[in-house]
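Work through the following exercises with the sequence and the model open side by side. Each task is followed by a worked solution.

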Amino acid sequence: MKYCRFQLNGEAHYGLVAPVAGRESIFRILLTPPEESDGDIEGLRSRRIDPIPLEEAHLLTPVRPSKIVCVGRNYREHVKELGHEVPPEPTLFLKPNSALLGPGGTVRRPKISQRVDYEGELCVVVGKTCYHLAEDEDVHPYILGYTCLNDVTARDLQIKDGQWTRAKSFDTFCPVGPVVADGLDPWTGVGVETRVNGEVRQLGNTRDFIFPLDLVIRHIAQCMTLFPGDLIATGTPEGVGPVVAGDVMEVTVEGVGTLRNPVVDE
Ligand code: MG
């Protein structure tokens with residue numbers, strides 16, 4: 001199952017997505033937000049529409065989270081490339097909702113940064129309120145699905161500030177989408193690929209996570225309540241690097257699709 005959020009006749013809707021005549025298309029409008037589905041999206045009331053090919057739809061961010069929780073260092077090779085030690089437990093930080101950007105939206109490089117990097121990531125969409133999980137509790141019921149996220153980062157400010165809030169939080173620094181998909185298994189391995197102007201820069205797989213997803217979710221929920229629709233960015237593989245105005249970034253998560261965003265100078 002896949003769903004998206006899109007604009008039609010000036011209004012935002014959620015839509016179910018499936019191949020129609022060989023093209024991924026929106027074929028039903030959901031009458032209840034998927035975040036309120038308690039996991040059963042296909043059981044939600046919906047109405048049929050003339051199929052709209054995904055490429056022709058005006059896509060919006062597929063979720064409206066209460067917060068975006070990110071894991072800082074979750075791939076060994078990426079930790080090495082930035083010259084850090086493998087952390088003993090997941091490093092968490094937040095991105096503000098004001099940084100959210102939809103598929104196709106333009107990322108703005110702020111004037112005060114000389115180096116803005118892409119970070120392609122698999123992103124979890126929370127499906128059920130989650131707080132203080134038991135040690136042996138299965139996390140699957142809390143996952144609604146997965147999407148692509150680009151954890152855009154002002155690398156120079158991250159180093160200069162000694163903490164990450166400003167570097168990670170500029171408006172447009174959190175592209176998400178294009179759809180939310182289920183049926184992925186990050187525990188056995190999901191490919192995460194980032195391209196800039198069509199050239200492959202990151203080629204990772206979630207089987208190389210330092211911290212498996214159940215540990216990450218349990219670790220976050222030990223601290224804060226996760227609500228339906230909240231996002232968890234699971235960390236980026238090695239190969240991060242800068243972009244400049246005119247570049248086009250693409251993050252592909254196997255089983256989800258491709259999130260494409262051009263870059264301009266502010
Ligand atoms: Mg990241």
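The exercises below concern a predicted model and deal with its metal site, a lysine in a loop, its cysteines and its nonpolar cores.

**Exercise 1. Metal site**

Task: Identify which residues coordinate the magnesium ion, and place the donors along the chain.

Solution:
- Step 1. The magnesium ion has Glu 119 (OE), Glu 121 (OE) and Asp 151 (OD) as its coordinating residues, at 2.0 to 2.1 Å.
- Step 2. Along the chain, the spacing of these donors reads E-x1-E-x29-D.
- Step 3. Glu 121 belongs to strand S11 (residues 120-126), while Asp 151 sits in the loop between strand S12 (143-150) and strand S13 (153-154). The two are 30 residues apart, so the pair links distant parts of the chain.
- Step 4. Glu 121 and Asp 151 are both buried.

**Exercise 2. Lys 67**

Task: Locate Lys 67, decide whether Lys 67 is buried or exposed, and find the side chain with which Lys 67 makes a polar contact.

Solution:
- Step 1. Lys 67 is found in the loop that runs between strand S5 (58-60) and strand S6 (68-71).
- Step 2. The relative accessibility of Lys 67 is 14%. Buried means under 20%, so Lys 67 counts as buried.
- Step 3. The side chain of Lys 67 is joined to that of Asp 230 by a polar contact of 2.7 Å.
- Step 4. Beyond four places in sequence, the contacts of Lys 67 include Asn 97, Met 224, Phe 227 and Leu 231.

**Exercise 3. Cysteines**

Task: Count the disulfides, and explain why Cys 130 and Cys 148 are not bonded to another cysteine.

Solution:
- Step 1. A disulfide requires cysteine sulfur atoms within 2.5 Å. The count by this rule is 0.
- Step 2. For Cys 130, the closest cysteine sulfur is in Cys 223, at 12 Å, which is too far for a bond.
- Step 3. For Cys 148, the closest cysteine sulfur is in Cys 123, at 9.0 Å, again too far.
- Step 4. Cys 130 is buried at a relative accessible area of 0%, and Cys 148 is buried at 0%.

**Exercise 4. Nonpolar cores**

Task: Describe the largest nonpolar core and explain why it lies between two domains.

Solution:
- Step 1. The largest nonpolar core contains 44 residues, and Ile 26 and Ile 217 have the most contacts inside it.
- Step 2. Helix H4 (residues 213-221) contributes the most to this core, with 5 residues.
- Step 3. The core lies between domain 1 (2-59) and domain 2 (68-265) because both give residues to it.
- Step 4. Another core, of 36 residues, lies apart from this one and has Cys 123, Leu 144, Trp 164 and Ala 233 among its members.

Definitions and conventions:
Residues are numbered from 1 along each chain as its sequence is written. This is a predicted model: local features need pLDDT of at least 70, side-chain atom pairs count only at pLDDT 80 or more; totals for chains, interfaces and linings use all residues. Side-chain values use heavy atoms; hydrogens and water are left out. A nonpolar core is a set of buried Ala, Val, Leu, Ile, Met, Phe, Trp, Tyr and Cys residues joined through side-chain atoms within 4.5 Å. Buried means under 20% relative accessible area, exposed over 50%, partly exposed in between (1.4 Å probe, protein chains only). Helices (H or I, at least four residues) and strands (E, at least two) are DSSP runs, numbered from the N terminus. Domain bounds come from an automatic or database domain assignment. A polar contact is a pair of N or O atoms within 3.5 Å; within protein, one must be able to donate a hydrogen and the other to accept it, and residues adjacent in sequence count only if both atoms are side-chain atoms. Contact means heavy atoms within 4.5 Å. Donors are N, O and S atoms within 2.8 Å of the metal (3.2 Å for Na, K and Ca); water is not among the atoms, so sites may look incomplete.
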